[in-house]
Amino acid sequence: MGEASAGRGKLDLPHSESDFASVRLFLPYIGGGFVEPESGERIAVFEPASGKPYAELALCGAAELEAAVAAASRAFPDWSARSSEERARWLERIAEAIEARAEAFAAAESRNTGKPIALARALDIPRAIANFRFFAAAIRQFASEFYEGAGGAWHLVLRPPLGVVGLISPWNLPLYLLSWKIAPAIAAGNTVLAKPSELTPETATMLAEVFAEIGLPAGVVNILHGPGETIGRMIVEHPTVRAISFTGSTRAGRDIAARAAPALKKLSLELGGKNPTLVFADGPWQERLDLLVRSAFANQGQICLCGSRLLVEASIYREFREAFLNRVAALRIGDPSDPATEFGALVSEAHLSRVEQAVARARAEGGGILCGGMRLTLPGRLAEGWFYAPTVIEGLPPDCATEREEIFGPVVSLSPFADEDEALCRANAVDYGLSASLFTADLRRAMRLAARLQCGMLWVNTWMLRDLRVPFGGIKNSGLGREGGFEALRFFTEARSIGIAP
Ligand code: NAD
(Lines give C-alpha, C1' and ligand atoms only; values in the text may rest on other atoms or scores of the structure.)
Protein backbone atom coordinates (compact mmCIF):
# COMPACT_ATOMS: atom_id res chain seq x y z
CA MET A 1 0.00 0.00 0.00
CA GLY A 2 1.52 3.29 -0.97
CA GLU A 3 5.10 3.34 0.18
CA ALA A 4 5.40 1.32 3.35
CA SER A 5 7.09 3.45 5.92
CA ALA A 6 7.31 3.78 9.65
CA GLY A 7 6.79 7.51 9.10
CA ARG A 8 7.03 10.20 11.70
CA GLY A 9 4.36 10.56 14.38
CA LYS A 10 4.24 7.45 16.52
CA LEU A 11 1.25 5.19 16.18
CA ASP A 12 0.29 2.13 18.18
CA LEU A 13 0.22 -0.93 16.01
CA PRO A 14 -3.42 -1.98 15.61
CA HIS A 15 -3.63 -5.51 16.87
CA SER A 16 -0.66 -7.66 16.25
CA GLU A 17 2.54 -7.56 14.26
CA SER A 18 1.18 -10.26 12.00
CA ASP A 19 -1.88 -8.23 11.07
CA PHE A 20 -0.07 -5.10 10.02
CA ALA A 21 3.65 -5.58 9.69
CA SER A 22 4.38 -1.86 9.80
CA VAL A 23 2.41 1.33 10.01
CA ARG A 24 1.59 2.20 6.45
CA LEU A 25 1.61 5.57 4.80
CA PHE A 26 -0.94 6.52 2.18
CA LEU A 27 0.61 8.97 -0.25
CA PRO A 28 -0.98 11.11 -2.94
CA TYR A 29 -0.56 9.96 -6.52
CA ILE A 30 0.47 12.76 -8.85
CA GLY A 31 1.71 12.64 -12.44
CA GLY A 32 1.90 8.84 -12.42
CA GLY A 33 3.78 8.37 -9.15
CA PHE A 34 3.40 8.45 -5.37
CA VAL A 35 4.87 11.61 -3.85
CA GLU A 36 5.73 12.81 -0.36
CA PRO A 37 3.89 16.10 0.25
CA GLU A 38 6.12 19.07 1.02
CA SER A 39 4.47 20.02 4.30
CA GLY A 40 5.15 16.64 5.91
CA GLU A 41 1.78 16.86 7.67
CA ARG A 42 0.05 13.58 8.40
CA ILE A 43 -3.07 12.34 10.12
CA ALA A 44 -3.87 8.89 11.44
CA VAL A 45 -6.11 6.50 9.51
CA PHE A 46 -8.29 4.35 11.74
CA GLU A 47 -9.85 0.94 11.79
CA PRO A 48 -13.33 1.75 13.15
CA ALA A 49 -13.92 -1.77 14.46
CA SER A 50 -11.01 -1.52 16.89
CA GLY A 51 -10.99 2.28 17.24
CA LYS A 52 -7.25 2.11 16.59
CA PRO A 53 -5.07 3.81 14.01
CA TYR A 54 -3.36 1.51 11.53
CA ALA A 55 -1.91 3.87 8.95
CA GLU A 56 -1.03 7.46 8.25
CA LEU A 57 -2.30 9.76 5.57
CA ALA A 58 0.07 12.30 4.02
CA LEU A 59 -1.82 15.56 3.56
CA CYS A 60 -1.64 17.58 0.38
CA GLY A 61 -1.20 21.33 0.27
CA ALA A 62 -0.76 24.03 -2.38
CA ALA A 63 2.42 22.48 -3.80
CA GLU A 64 0.77 19.11 -4.45
CA LEU A 65 -2.34 20.80 -5.85
CA GLU A 66 -0.23 22.76 -8.34
CA ALA A 67 1.76 19.66 -9.26
CA ALA A 68 -1.46 17.70 -9.83
CA VAL A 69 -3.02 20.49 -11.90
CA ALA A 70 0.14 20.70 -13.99
CA ALA A 71 0.23 16.92 -14.48
CA ALA A 72 -3.46 16.79 -15.41
CA SER A 73 -3.07 19.74 -17.78
CA ARG A 74 -0.07 18.11 -19.48
CA ALA A 75 -1.94 14.83 -19.86
CA PHE A 76 -5.12 16.39 -21.24
CA PRO A 77 -4.22 17.08 -24.90
CA ASP A 78 -3.05 13.53 -25.53
CA TRP A 79 -5.73 11.79 -23.45
CA SER A 80 -8.60 13.77 -24.94
CA ALA A 81 -7.29 13.21 -28.48
CA ARG A 82 -7.33 9.42 -28.12
CA SER A 83 -10.28 7.59 -29.60
CA SER A 84 -13.09 6.67 -27.25
CA GLU A 85 -12.35 3.05 -28.14
CA GLU A 86 -8.82 3.42 -26.78
CA ARG A 87 -10.00 5.13 -23.60
CA ALA A 88 -12.63 2.42 -23.17
CA ARG A 89 -9.90 -0.22 -23.28
CA TRP A 90 -8.02 1.59 -20.52
CA LEU A 91 -11.14 1.52 -18.36
CA GLU A 92 -11.46 -2.21 -18.99
CA ARG A 93 -7.84 -2.72 -17.97
CA ILE A 94 -8.49 -0.84 -14.73
CA ALA A 95 -11.55 -3.03 -14.07
CA GLU A 96 -9.55 -6.20 -14.70
CA ALA A 97 -6.75 -5.12 -12.39
CA ILE A 98 -9.17 -4.33 -9.56
CA GLU A 99 -10.91 -7.65 -10.14
CA ALA A 100 -7.58 -9.48 -9.93
CA ARG A 101 -7.13 -8.19 -6.40
CA ALA A 102 -10.80 -7.89 -5.43
CA GLU A 103 -10.34 -9.68 -2.13
CA ALA A 104 -7.58 -7.30 -1.02
CA PHE A 105 -9.76 -4.35 -1.99
CA ALA A 106 -12.73 -5.77 -0.04
CA ALA A 107 -10.58 -6.40 3.04
CA ALA A 108 -9.21 -2.85 2.89
CA GLU A 109 -12.64 -1.30 2.44
CA SER A 110 -14.03 -3.25 5.36
CA ARG A 111 -11.03 -2.45 7.58
CA ASN A 112 -11.06 1.27 6.81
CA THR A 113 -14.82 1.89 7.00
CA GLY A 114 -16.03 -0.66 9.56
CA LYS A 115 -18.46 -2.18 7.07
CA PRO A 116 -19.01 -5.95 7.02
CA ILE A 117 -16.62 -7.67 4.67
CA ALA A 118 -19.62 -9.48 3.19
CA LEU A 119 -20.98 -6.11 2.06
CA ALA A 120 -17.65 -4.95 0.65
CA ARG A 121 -17.39 -8.25 -1.27
CA ALA A 122 -20.95 -8.19 -2.53
CA LEU A 123 -21.45 -4.48 -3.16
CA ASP A 124 -18.54 -2.06 -2.92
CA ILE A 125 -15.86 -3.79 -4.93
CA PRO A 126 -18.03 -5.46 -7.59
CA ARG A 127 -19.70 -2.11 -8.14
CA ALA A 128 -16.36 -0.29 -8.51
CA ILE A 129 -15.35 -2.85 -11.15
CA ALA A 130 -18.74 -2.49 -12.82
CA ASN A 131 -18.39 1.29 -12.89
CA PHE A 132 -15.27 1.08 -15.07
CA ARG A 133 -16.78 -1.61 -17.32
CA PHE A 134 -20.06 0.25 -17.61
CA PHE A 135 -18.48 3.53 -18.71
CA ALA A 136 -16.15 1.68 -21.08
CA ALA A 137 -19.29 0.41 -22.80
CA ALA A 138 -21.13 3.72 -22.45
CA ILE A 139 -18.43 5.85 -24.09
CA ARG A 140 -18.45 3.52 -27.09
CA GLN A 141 -22.16 4.24 -27.52
CA PHE A 142 -22.08 7.96 -26.67
CA ALA A 143 -22.77 9.49 -30.07
CA SER A 144 -22.56 13.07 -31.17
CA GLU A 145 -25.84 14.36 -32.57
CA PHE A 146 -26.56 15.32 -36.15
CA TYR A 147 -29.58 17.18 -37.54
CA GLU A 148 -30.36 17.86 -41.14
CA GLY A 149 -31.50 21.49 -41.43
CA ALA A 150 -33.47 23.60 -43.89
CA GLY A 151 -31.93 23.86 -47.34
CA GLY A 152 -29.60 20.93 -46.73
CA ALA A 153 -27.75 22.54 -43.84
CA TRP A 154 -25.99 20.27 -41.35
CA HIS A 155 -26.21 20.81 -37.62
CA LEU A 156 -23.79 18.88 -35.46
CA VAL A 157 -23.52 18.69 -31.71
CA LEU A 158 -20.03 17.76 -30.59
CA ARG A 159 -19.29 16.62 -27.04
CA PRO A 160 -15.68 17.52 -26.23
CA PRO A 161 -14.40 16.93 -22.68
CA LEU A 162 -14.16 19.82 -20.24
CA GLY A 163 -10.47 19.63 -19.39
CA VAL A 164 -9.20 19.17 -15.83
CA VAL A 165 -12.03 18.28 -13.44
CA GLY A 166 -12.26 17.83 -9.66
CA LEU A 167 -13.92 14.79 -8.08
CA ILE A 168 -14.67 14.71 -4.34
CA SER A 169 -16.23 11.72 -2.60
CA PRO A 170 -17.35 10.66 0.91
CA TRP A 171 -16.43 7.84 3.28
CA ASN A 172 -19.47 5.62 3.21
CA LEU A 173 -18.84 3.82 -0.11
CA PRO A 174 -15.27 4.95 -0.79
CA LEU A 175 -14.16 3.07 -3.91
CA TYR A 176 -17.70 2.63 -5.23
CA LEU A 177 -18.37 6.38 -5.31
CA LEU A 178 -14.90 7.54 -6.33
CA SER A 179 -14.88 5.14 -9.30
CA TRP A 180 -18.44 6.25 -10.19
CA LYS A 181 -16.88 9.66 -10.87
CA ILE A 182 -13.43 8.75 -12.22
CA ALA A 183 -14.79 6.30 -14.81
CA PRO A 184 -17.12 8.69 -16.71
CA ALA A 185 -14.73 11.62 -16.32
CA ILE A 186 -11.79 9.89 -17.99
CA ALA A 187 -13.97 7.94 -20.43
CA ALA A 188 -15.17 11.29 -21.78
CA GLY A 189 -11.56 12.46 -22.21
CA ASN A 190 -11.05 14.62 -19.13
CA THR A 191 -8.11 14.39 -16.77
CA VAL A 192 -8.85 14.49 -13.08
CA LEU A 193 -7.94 15.51 -9.57
CA ALA A 194 -9.73 13.05 -7.31
CA LYS A 195 -10.03 13.46 -3.55
CA PRO A 196 -11.35 10.60 -1.44
CA SER A 197 -12.54 11.22 2.09
CA GLU A 198 -9.65 11.77 4.49
CA LEU A 199 -11.29 9.15 6.74
CA THR A 200 -11.17 6.39 4.14
CA PRO A 201 -8.20 6.82 1.81
CA GLU A 202 -7.03 3.20 1.63
CA THR A 203 -8.81 1.86 -1.45
CA ALA A 204 -8.19 5.10 -3.38
CA THR A 205 -4.50 4.55 -2.73
CA MET A 206 -4.82 0.95 -3.92
CA LEU A 207 -6.57 2.24 -7.04
CA ALA A 208 -3.58 4.50 -7.67
CA GLU A 209 -1.38 1.41 -7.40
CA VAL A 210 -3.53 -0.18 -10.07
CA PHE A 211 -3.01 2.86 -12.32
CA ALA A 212 0.75 2.59 -11.81
CA GLU A 213 0.74 -1.15 -12.38
CA ILE A 214 -1.15 -1.04 -15.68
CA GLY A 215 0.70 2.07 -16.86
CA LEU A 216 -2.25 4.43 -17.20
CA PRO A 217 -0.73 7.52 -18.84
CA ALA A 218 0.75 9.86 -16.22
CA GLY A 219 -1.50 12.69 -15.05
CA VAL A 220 -4.80 11.24 -16.32
CA VAL A 221 -5.86 10.51 -12.73
CA ASN A 222 -4.21 12.29 -9.80
CA ILE A 223 -5.28 11.40 -6.28
CA LEU A 224 -4.96 14.09 -3.63
CA HIS A 225 -5.39 13.42 0.06
CA GLY A 226 -6.55 15.56 2.93
CA PRO A 227 -9.52 17.26 4.56
CA GLY A 228 -12.30 18.97 2.66
CA GLU A 229 -11.70 22.28 4.40
CA THR A 230 -8.15 22.45 3.03
CA ILE A 231 -7.33 20.51 -0.11
CA GLY A 232 -11.02 19.94 -0.99
CA ARG A 233 -11.70 23.66 -1.10
CA MET A 234 -8.45 24.32 -2.94
CA ILE A 235 -9.48 21.91 -5.71
CA VAL A 236 -12.87 23.61 -5.95
CA GLU A 237 -11.34 27.06 -6.20
CA HIS A 238 -8.46 26.32 -8.56
CA PRO A 239 -8.99 28.32 -11.77
CA THR A 240 -7.84 25.48 -14.04
CA VAL A 241 -10.43 23.04 -12.64
CA ARG A 242 -13.46 23.37 -14.94
CA ALA A 243 -16.03 21.28 -13.08
CA ILE A 244 -16.62 19.69 -9.70
CA SER A 245 -18.42 16.42 -9.19
CA PHE A 246 -19.14 16.11 -5.49
CA THR A 247 -20.86 13.51 -3.32
CA GLY A 248 -21.27 14.26 0.37
CA SER A 249 -23.23 16.32 2.82
CA THR A 250 -25.61 19.13 1.93
CA ARG A 251 -23.55 21.42 4.17
CA ALA A 252 -20.37 20.85 2.16
CA GLY A 253 -22.34 20.94 -1.10
CA ARG A 254 -23.51 24.47 -0.30
CA ASP A 255 -19.97 25.56 0.51
CA ILE A 256 -18.72 24.09 -2.78
CA ALA A 257 -21.52 25.74 -4.79
CA ALA A 258 -20.68 29.13 -3.23
CA ARG A 259 -16.95 28.78 -3.89
CA ALA A 260 -17.44 27.54 -7.45
CA ALA A 261 -19.95 30.28 -8.29
CA PRO A 262 -17.55 33.17 -9.06
CA ALA A 263 -15.85 31.10 -11.77
CA LEU A 264 -19.22 29.68 -12.98
CA LYS A 265 -17.94 26.13 -12.74
CA LYS A 266 -20.05 23.22 -13.81
CA LEU A 267 -21.33 21.36 -10.73
CA SER A 268 -22.77 17.96 -9.97
CA LEU A 269 -23.83 17.70 -6.33
CA GLU A 270 -25.06 14.43 -4.80
CA LEU A 271 -26.05 15.35 -1.27
CA GLY A 272 -27.87 14.13 1.82
CA GLY A 273 -31.26 12.52 2.24
CA LYS A 274 -34.03 11.76 4.70
CA ASN A 275 -35.70 9.07 2.69
CA PRO A 276 -39.18 7.72 3.46
CA THR A 277 -40.26 4.10 3.15
CA LEU A 278 -44.02 3.80 2.75
CA VAL A 279 -45.52 0.44 3.69
CA PHE A 280 -49.16 -0.15 2.76
CA ALA A 281 -51.18 -3.05 4.17
CA ASP A 282 -51.52 -4.62 0.73
CA GLY A 283 -47.77 -4.45 0.02
CA PRO A 284 -45.47 -7.50 0.02
CA TRP A 285 -43.79 -6.40 3.24
CA GLN A 286 -43.87 -9.76 4.98
CA GLU A 287 -41.94 -11.54 2.24
CA ARG A 288 -39.55 -8.54 1.88
CA LEU A 289 -38.84 -7.98 5.55
CA ASP A 290 -35.12 -8.69 5.14
CA LEU A 291 -34.97 -6.12 2.38
CA LEU A 292 -36.81 -3.60 4.54
CA VAL A 293 -34.33 -4.13 7.35
CA ARG A 294 -31.46 -3.74 4.90
CA SER A 295 -33.01 -0.56 3.54
CA ALA A 296 -32.81 0.85 7.05
CA PHE A 297 -29.54 -0.59 8.35
CA ALA A 298 -27.27 -1.61 5.45
CA ASN A 299 -23.77 -0.27 6.02
CA GLN A 300 -24.98 0.71 9.53
CA GLY A 301 -27.49 3.08 7.95
CA GLN A 302 -24.67 5.00 6.31
CA ILE A 303 -25.94 4.86 2.74
CA CYS A 304 -27.49 8.01 1.34
CA LEU A 305 -30.34 5.85 -0.03
CA CYS A 306 -31.21 4.21 3.30
CA GLY A 307 -34.83 4.72 4.35
CA SER A 308 -34.70 6.48 7.70
CA ARG A 309 -38.43 7.18 8.06
CA LEU A 310 -40.62 4.10 7.98
CA LEU A 311 -44.24 5.11 7.44
CA VAL A 312 -46.60 2.18 7.96
CA GLU A 313 -50.34 1.93 7.33
CA ALA A 314 -52.11 2.02 10.70
CA SER A 315 -54.05 -1.24 10.14
CA ILE A 316 -50.79 -3.27 10.06
CA TYR A 317 -48.67 -1.02 12.27
CA ARG A 318 -48.48 -3.31 15.32
CA GLU A 319 -47.92 -6.45 13.27
CA PHE A 320 -45.25 -4.73 11.17
CA ARG A 321 -43.51 -3.28 14.21
CA GLU A 322 -43.20 -6.67 15.87
CA ALA A 323 -41.95 -8.43 12.76
CA PHE A 324 -39.49 -5.62 11.95
CA LEU A 325 -38.09 -5.46 15.48
CA ASN A 326 -37.65 -9.24 15.57
CA ARG A 327 -35.66 -9.13 12.39
CA VAL A 328 -33.56 -6.17 13.60
CA ALA A 329 -32.82 -8.08 16.82
CA ALA A 330 -31.53 -10.97 14.71
CA LEU A 331 -28.95 -8.80 12.87
CA ARG A 332 -25.51 -10.27 13.43
CA ILE A 333 -23.45 -7.43 14.87
CA GLY A 334 -19.75 -8.07 15.10
CA ASP A 335 -16.27 -7.97 13.68
CA PRO A 336 -16.52 -6.55 10.15
CA SER A 337 -13.82 -8.98 9.03
CA ASP A 338 -16.03 -11.97 9.95
CA PRO A 339 -17.93 -13.04 6.81
CA ALA A 340 -21.03 -13.79 8.92
CA THR A 341 -21.27 -10.21 10.25
CA GLU A 342 -24.23 -8.21 8.94
CA PHE A 343 -23.74 -5.01 10.91
CA GLY A 344 -20.37 -3.45 11.67
CA ALA A 345 -18.93 -0.26 13.15
CA LEU A 346 -19.59 3.41 12.44
CA VAL A 347 -16.90 5.24 10.52
CA SER A 348 -15.49 7.48 13.24
CA GLU A 349 -15.68 8.40 16.89
CA ALA A 350 -16.96 11.86 15.91
CA HIS A 351 -19.73 10.34 13.81
CA LEU A 352 -20.67 7.94 16.61
CA SER A 353 -21.00 10.85 18.97
CA ARG A 354 -23.19 12.74 16.47
CA VAL A 355 -25.46 9.68 16.30
CA GLU A 356 -25.59 9.56 20.12
CA GLN A 357 -26.59 13.22 20.20
CA ALA A 358 -29.26 12.67 17.54
CA VAL A 359 -30.81 9.87 19.60
CA ALA A 360 -30.71 12.02 22.76
CA ARG A 361 -32.54 14.71 20.83
CA ALA A 362 -35.11 12.18 19.57
CA ARG A 363 -35.79 11.20 23.19
CA ALA A 364 -36.20 14.86 24.14
CA GLU A 365 -38.62 15.30 21.25
CA GLY A 366 -40.87 12.59 22.66
CA GLY A 367 -39.56 9.56 20.76
CA GLY A 368 -39.80 6.15 22.39
CA ILE A 369 -36.80 3.89 21.78
CA LEU A 370 -38.08 0.47 20.68
CA CYS A 371 -34.62 -1.03 20.29
CA GLY A 372 -31.02 0.12 20.40
CA GLY A 373 -30.43 3.69 21.48
CA MET A 374 -26.99 2.96 22.84
CA ARG A 375 -23.36 2.45 22.07
CA LEU A 376 -22.26 -1.20 22.04
CA THR A 377 -19.14 -2.60 23.62
CA LEU A 378 -17.98 -5.75 21.87
CA PRO A 379 -15.43 -8.15 23.31
CA GLY A 380 -11.72 -8.57 22.64
CA ARG A 381 -10.01 -6.43 20.06
CA LEU A 382 -13.34 -4.69 19.30
CA ALA A 383 -13.71 -3.33 22.85
CA GLU A 384 -12.90 0.22 21.81
CA GLY A 385 -14.58 0.00 18.41
CA TRP A 386 -17.22 2.47 17.27
CA PHE A 387 -20.32 0.30 17.42
CA TYR A 388 -23.82 1.65 17.87
CA ALA A 389 -26.88 -0.57 18.15
CA PRO A 390 -29.46 -0.52 15.36
CA THR A 391 -32.06 1.86 16.73
CA VAL A 392 -35.80 2.11 16.06
CA ILE A 393 -37.77 5.04 17.45
CA GLU A 394 -41.53 5.64 17.44
CA GLY A 395 -43.89 8.37 18.54
CA LEU A 396 -42.03 11.31 16.99
CA PRO A 397 -44.07 14.35 15.93
CA PRO A 398 -43.88 14.79 12.13
CA ASP A 399 -42.27 18.21 12.28
CA CYS A 400 -39.56 17.52 14.89
CA ALA A 401 -35.87 17.83 14.01
CA THR A 402 -35.32 14.05 14.16
CA GLU A 403 -37.91 13.57 11.44
CA ARG A 404 -36.46 16.33 9.27
CA GLU A 405 -32.69 16.17 9.64
CA GLU A 406 -30.35 13.56 8.23
CA ILE A 407 -28.65 11.35 10.84
CA PHE A 408 -26.81 9.05 8.39
CA GLY A 409 -26.46 6.29 10.96
CA PRO A 410 -28.32 3.22 12.25
CA VAL A 411 -31.36 5.14 13.43
CA VAL A 412 -34.84 4.92 11.91
CA SER A 413 -38.23 6.14 12.99
CA LEU A 414 -41.47 4.21 12.74
CA SER A 415 -44.78 6.05 12.33
CA PRO A 416 -48.32 4.96 11.47
CA PHE A 417 -50.40 6.70 8.82
CA ALA A 418 -54.16 6.58 8.31
CA ASP A 419 -54.37 6.91 4.54
CA GLU A 420 -52.50 7.68 1.34
CA ASP A 421 -52.81 11.44 1.74
CA GLU A 422 -51.31 11.42 5.20
CA ALA A 423 -48.48 9.13 4.03
CA LEU A 424 -47.70 11.43 1.13
CA CYS A 425 -47.86 14.55 3.23
CA ARG A 426 -45.46 13.07 5.78
CA ALA A 427 -43.13 11.67 3.16
CA ASN A 428 -42.78 15.06 1.46
CA ALA A 429 -42.51 17.13 4.66
CA VAL A 430 -38.70 17.41 4.57
CA ASP A 431 -36.22 19.64 2.76
CA TYR A 432 -34.55 16.60 1.17
CA GLY A 433 -35.68 14.62 -1.85
CA LEU A 434 -33.20 11.88 -2.70
CA SER A 435 -35.08 8.56 -2.82
CA ALA A 436 -38.23 6.86 -1.57
CA SER A 437 -39.52 3.29 -1.35
CA LEU A 438 -43.12 2.29 -1.63
CA PHE A 439 -44.60 -1.11 -0.79
CA THR A 440 -48.03 -1.70 -2.26
CA ALA A 441 -49.81 -4.21 -4.49
CA ASP A 442 -52.03 -1.50 -5.93
CA LEU A 443 -50.58 -0.36 -9.24
CA ARG A 444 -52.84 2.65 -9.51
CA ARG A 445 -51.77 3.82 -6.05
CA ALA A 446 -48.11 3.30 -7.00
CA MET A 447 -48.63 5.43 -10.09
CA ARG A 448 -50.44 8.17 -8.15
CA LEU A 449 -47.70 8.32 -5.54
CA ALA A 450 -44.89 8.09 -8.09
CA ALA A 451 -46.18 11.32 -9.59
CA ARG A 452 -46.42 13.11 -6.25
CA LEU A 453 -43.57 11.85 -4.06
CA GLN A 454 -40.82 14.47 -4.04
CA CYS A 455 -37.69 12.47 -4.81
CA GLY A 456 -35.19 11.84 -7.55
CA MET A 457 -35.51 8.05 -7.31
CA LEU A 458 -38.45 5.88 -6.30
CA TRP A 459 -38.52 2.13 -5.77
CA VAL A 460 -41.78 0.21 -5.76
CA ASN A 461 -41.80 -2.99 -3.70
CA THR A 462 -38.02 -2.92 -3.50
CA TRP A 463 -35.07 -0.78 -2.44
CA MET A 464 -31.81 0.31 -4.04
CA LEU A 465 -32.58 -1.56 -7.23
CA ARG A 466 -29.94 0.06 -9.40
CA ASP A 467 -29.33 0.12 -13.12
CA LEU A 468 -26.26 2.10 -14.06
CA ARG A 469 -28.02 3.45 -17.17
CA VAL A 470 -30.67 5.42 -15.27
CA PRO A 471 -30.13 8.92 -13.86
CA PHE A 472 -29.04 9.00 -10.24
CA GLY A 473 -29.63 12.03 -8.04
CA GLY A 474 -31.96 13.99 -5.84
CA ILE A 475 -34.17 17.05 -5.78
CA LYS A 476 -34.58 19.79 -3.15
CA ASN A 477 -31.62 19.82 -0.73
CA SER A 478 -30.46 16.41 -1.97
CA GLY A 479 -28.57 17.79 -4.89
CA LEU A 480 -28.10 19.26 -8.28
CA GLY A 481 -27.60 17.37 -11.52
CA ARG A 482 -27.60 13.66 -12.21
CA GLU A 483 -25.00 10.93 -12.37
CA GLY A 484 -25.33 7.62 -14.19
CA GLY A 485 -25.42 6.55 -17.80
CA PHE A 486 -25.26 9.23 -20.46
CA GLU A 487 -26.17 11.88 -17.87
CA ALA A 488 -22.68 11.52 -16.41
CA LEU A 489 -21.07 11.66 -19.84
CA ARG A 490 -23.08 14.79 -20.63
CA PHE A 491 -21.90 16.35 -17.38
CA PHE A 492 -18.26 15.63 -18.17
CA THR A 493 -18.54 17.07 -21.70
CA GLU A 494 -19.51 20.41 -23.18
CA ALA A 495 -22.15 20.45 -25.90
CA ARG A 496 -20.84 22.44 -28.85
CA SER A 497 -23.11 22.95 -31.84
CA ILE A 498 -21.89 23.62 -35.34
CA GLY A 499 -24.08 24.71 -38.24
CA ILE A 500 -22.78 24.12 -41.77
CA ALA A 501 -24.32 25.79 -44.79
CA PRO A 502 -24.34 23.66 -47.97
P1 NAD B 1 -18.80 15.48 3.80
O2 NAD B 1 -19.62 16.45 3.04
O3 NAD B 1 -18.34 15.86 5.14
O4 NAD B 1 -17.50 15.08 2.97
C5 NAD B 1 -17.56 14.53 1.66
C6 NAD B 1 -16.25 14.80 0.96
O7 NAD B 1 -16.13 16.19 0.73
C8 NAD B 1 -15.01 14.42 1.73
O9 NAD B 1 -14.02 14.01 0.82
C10 NAD B 1 -14.60 15.72 2.40
O11 NAD B 1 -13.24 15.78 2.70
C12 NAD B 1 -14.97 16.72 1.33
N13 NAD B 1 -15.34 18.05 1.81
C14 NAD B 1 -15.96 18.38 2.98
N15 NAD B 1 -16.18 19.70 3.03
C16 NAD B 1 -15.70 20.21 1.86
C17 NAD B 1 -15.63 21.53 1.34
N18 NAD B 1 -16.11 22.58 2.02
N19 NAD B 1 -15.07 21.72 0.13
C20 NAD B 1 -14.59 20.67 -0.57
N21 NAD B 1 -14.62 19.40 -0.11
C22 NAD B 1 -15.18 19.18 1.09
O23 NAD B 1 -19.67 14.14 3.81
P24 NAD B 1 -19.30 12.76 4.51
O25 NAD B 1 -19.51 12.92 5.97
O26 NAD B 1 -18.00 12.27 4.00
O27 NAD B 1 -20.43 11.82 3.89
C28 NAD B 1 -21.71 11.71 4.40
C29 NAD B 1 -22.67 12.56 3.61
O30 NAD B 1 -22.62 12.20 2.22
C31 NAD B 1 -24.12 12.35 4.00
O32 NAD B 1 -24.76 13.59 4.06
C33 NAD B 1 -24.68 11.50 2.87
O34 NAD B 1 -26.07 11.61 2.68
C35 NAD B 1 -23.93 12.04 1.71
N36 NAD B 1 -23.92 11.09 0.61
C37 NAD B 1 -24.68 11.36 -0.49
C38 NAD B 1 -24.72 10.46 -1.55
C39 NAD B 1 -25.54 10.74 -2.78
O40 NAD B 1 -25.31 10.09 -3.79
N41 NAD B 1 -26.47 11.67 -2.75
C42 NAD B 1 -23.98 9.27 -1.48
C43 NAD B 1 -23.22 9.03 -0.33
C44 NAD B 1 -23.19 9.95 0.70
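Okay, one definition before anything else: when I say polar contact, I mean a pair of N or O atoms within 3.5 Å, and inside the protein one of them has to be able to donate a hydrogen and the other to accept it. Also, keep in mind that this is a predicted model.

Let's start with Thr 113, where that definition comes in handy. Thr 113 sits in helix H3, residues 102-113. Its side chain reaches back to the backbone oxygen of Glu 109 at 2.6 Å. On the other side of the sequence, the backbone nitrogen of Lys 115 is 3.1 Å from a polar atom of that Thr 113 side chain. Is Thr 113 buried or exposed? The cut-off for buried is under 20% relative accessible area, and Thr 113 counts as buried because its relative accessibility is 3%.

Now, the ligand. There are 31 residues around it, and the ones that come nearest are Glu 198, Ser 249, Asp 255, Leu 271 and Glu 406. Going by type, that shell splits into 14 nonpolar, nine polar and eight charged residues. Where does the ligand lie relative to the two domains? Domain 1 (24-271 + 479-497) and domain 2 (275-467) both give residues to the shell, so the ligand lies between them.

A few distances to look at while you have the structure up. Trp 171 puts a polar side-chain atom 2.8 Å from a ligand oxygen, and Lys 195 has a polar side-chain atom 2.8 Å from an oxygen of the ligand as well. With Leu 271 the backbone is involved: one of its N or O atoms is 2.7 Å from a ligand nitrogen. As for coverage, the ligand on its own has 830 Å² of accessible area, and the protein covers 94% of that. The elements giving two or more residues to the shell are helix H7 (228-237), strand E12 (241-247) and helix H8 (250-260).

Back to Lys 195 for a second, since it belongs to strand E10. E10 covers residues 191-195, and five of its five residues are buried. Thr 191, Leu 193 and Lys 195 point one way, Val 192 and Ala 194 the other. E10 runs parallel to strand E9 (residues 164-168), with five bridges joining them, and Gly 166 is opposite Leu 193.

Last one, strand E23, residues 457-460. Here Met 457 and Trp 459 point to one face and are buried, whereas Leu 458 and Val 460 point to the other and are not. E23 pairs with strand E22 (residues 435-439), parallel again, over four bridges. Val 460 is the bridge partner of Leu 438.

Methods: Residues are numbered from 1 along each chain as its sequence is written. This is a predicted model: local features need pLDDT of at least 70, side-chain atom pairs count only at pLDDT 80 or more; totals for chains, interfaces and linings use all residues. Side-chain values use heavy atoms; hydrogens and water are left out. A residue is near a molecule or strand if one of its heavy atoms lies within 4 Å of it. Accessible areas come from the Shrake-Rupley method with a 1.4 Å probe; for residues, only the protein chains shown count as cover. Ala, Val, Leu, Ile, Met, Phe, Trp, Tyr, Cys and Pro count as nonpolar, Asp, Glu, Lys and Arg as charged, and the others, Gly among them, as polar. Domain bounds come from an automatic or database domain assignment. Buried means under 20% relative accessible area, exposed over 50%, partly exposed in between (1.4 Å probe, protein chains only). Two strands pair if DSSP finds at least two bridges between them.
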